[in-house]
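Got the model open in your viewer? Let's walk through it one selection at a time.

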Amino acid sequence: IVARDGRYVAFANGVICDCFSGLEWLPGPDKDMSWVEGCHWVRGLSTGGGNWRLPTLTELRGLYKMNKKRDNLSPLFGISMTDVWSSEIQDDASAWGFNFLPGNQFWTCKTLSRRFRVLAVRPRNYPAFDKGAQQASD
């Protein structure tokens, strides 16, 4: 464990555990990325044993916290406050995104990359929290 932020625990390998939802998150690079590039990045992940995917809109809304200081996502995620791609598509050319500033969802062209970031998600890997595995990851 390298950091804690209320409901989140960050590990040295970059994985962030959401202690409330039972999900693990892995922030993508803090750079503009299209939906197609994001899907490619997620498919190539092997961190913590792999099994990563793009999040649903419901999962992204679960990360959002309304805050007057515009700190609507835990700083442990280390990404700019901007739009994040979801796994949900509108049609062959469009996908749904979530904006963490106002906390709204919208659909747009999958090839758009400006201001978009990617988060990978998976169900929490409970065996990693047994005593031996935790010592190995610390």
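Helices (H or I, at least four residues) and strands (E, at least two) here are DSSP runs, numbered from the N terminus. This is a predicted model, where local features need pLDDT of at least 70, side-chain atom pairs count only at pLDDT 80 or more, and totals for chains, interfaces and linings use all residues. Residues are numbered from 1 along each chain as its sequence is written, and side-chain values use heavy atoms, with hydrogens and water left out.

**Stop 1: the whole chain.** Colour by secondary structure and you should find three helices and nine strands. Starting at the N terminus, the order is β-β-β-β-α-α-β-β-β-β-β-α. Of the 138 residues, 41% count as buried; buried means under 20% relative accessible area, exposed over 50%, and partly exposed in between (1.4 Å probe, protein chains only).

**Stop 2: Pro75.** Select Pro75, in the loop between helix H2 (57-63) and strand E5 (83-89). Is Pro75 buried or exposed? Pro75 is exposed, at 58% relative accessible area. Now add Asp5: the two residues are 70 apart along the chain, yet their C-alpha atoms are separated by 8.2 Å.

**Stop 3: strand E4.** Select residues 23-27. Five of the five residues of strand E4 are buried, so the strand is largely enclosed by the rest of the structure. Leu23, Trp25 and Pro27 point one way, while Glu24 and Leu26 point the other. That fits a general pattern: in a regular strand the side chains alternate between the two faces of the sheet.

Now bring in the partners of E4; two strands pair if DSSP finds at least two bridges between them.

- Strand E3 (residues 16-18) runs antiparallel to E4, joined by three bridges, and Cys17 stands opposite Glu24.
- The E3–E4 hairpin has four residues between its strands, and Gly22 in the turn has a positive phi of about 80°.
- Strand E9 (residues 119-123) pairs with E4 in the antiparallel sense over five bridges, with Arg122 in E9 opposite Glu24.

**Stop 4: the largest nonpolar core.** A nonpolar core is a set of buried Ala, Val, Leu, Ile, Met, Phe, Trp, Tyr and Cys residues joined through side-chain atoms within 4.5 Å. Show Trp25, Leu60, Leu63, Phe77, Phe100 and Leu119 as sticks: of the 18 residues in the largest core, these touch the most other members. Strand E2 (8-10), E4, H2, strand E6 (94-99) and E9 each supply at least two residues of this core. Which element gives the most to this core? H2 does, with three residues.

Centre on Leu63 next. Leaving aside neighbours within four places in sequence, Leu63 is in contact (heavy atoms within 4.5 Å) with residues including Tyr8, Asp18, Trp25 and Asn72. Apart from this core lies another, of 14 residues, among them Val15, Val42, Leu45 and Leu54.

**Stop 5: the aromatic rings.** Seven aromatic pairs turn up across the whole structure. Rings of Phe, Tyr and Trp (its six-membered ring) pair if their centres lie within 6.5 Å; planes under 30 degrees apart count as stacked, over 60 as edge-to-face and the rest as tilted. Select Tyr64 and Phe100: the ring centres are 6.4 Å apart with the planes at 45°, so the pair is tilted. Tyr64 lies in the loop between H2 and E5 and Phe100 in the loop between E6 and strand E7 (104-109), so the pair ties together parts 36 residues apart in sequence. Phe100 is buried, with a relative accessible area of 1%. To finish, select Tyr8, Trp25 and Phe77, which ring pairs link into a cluster.
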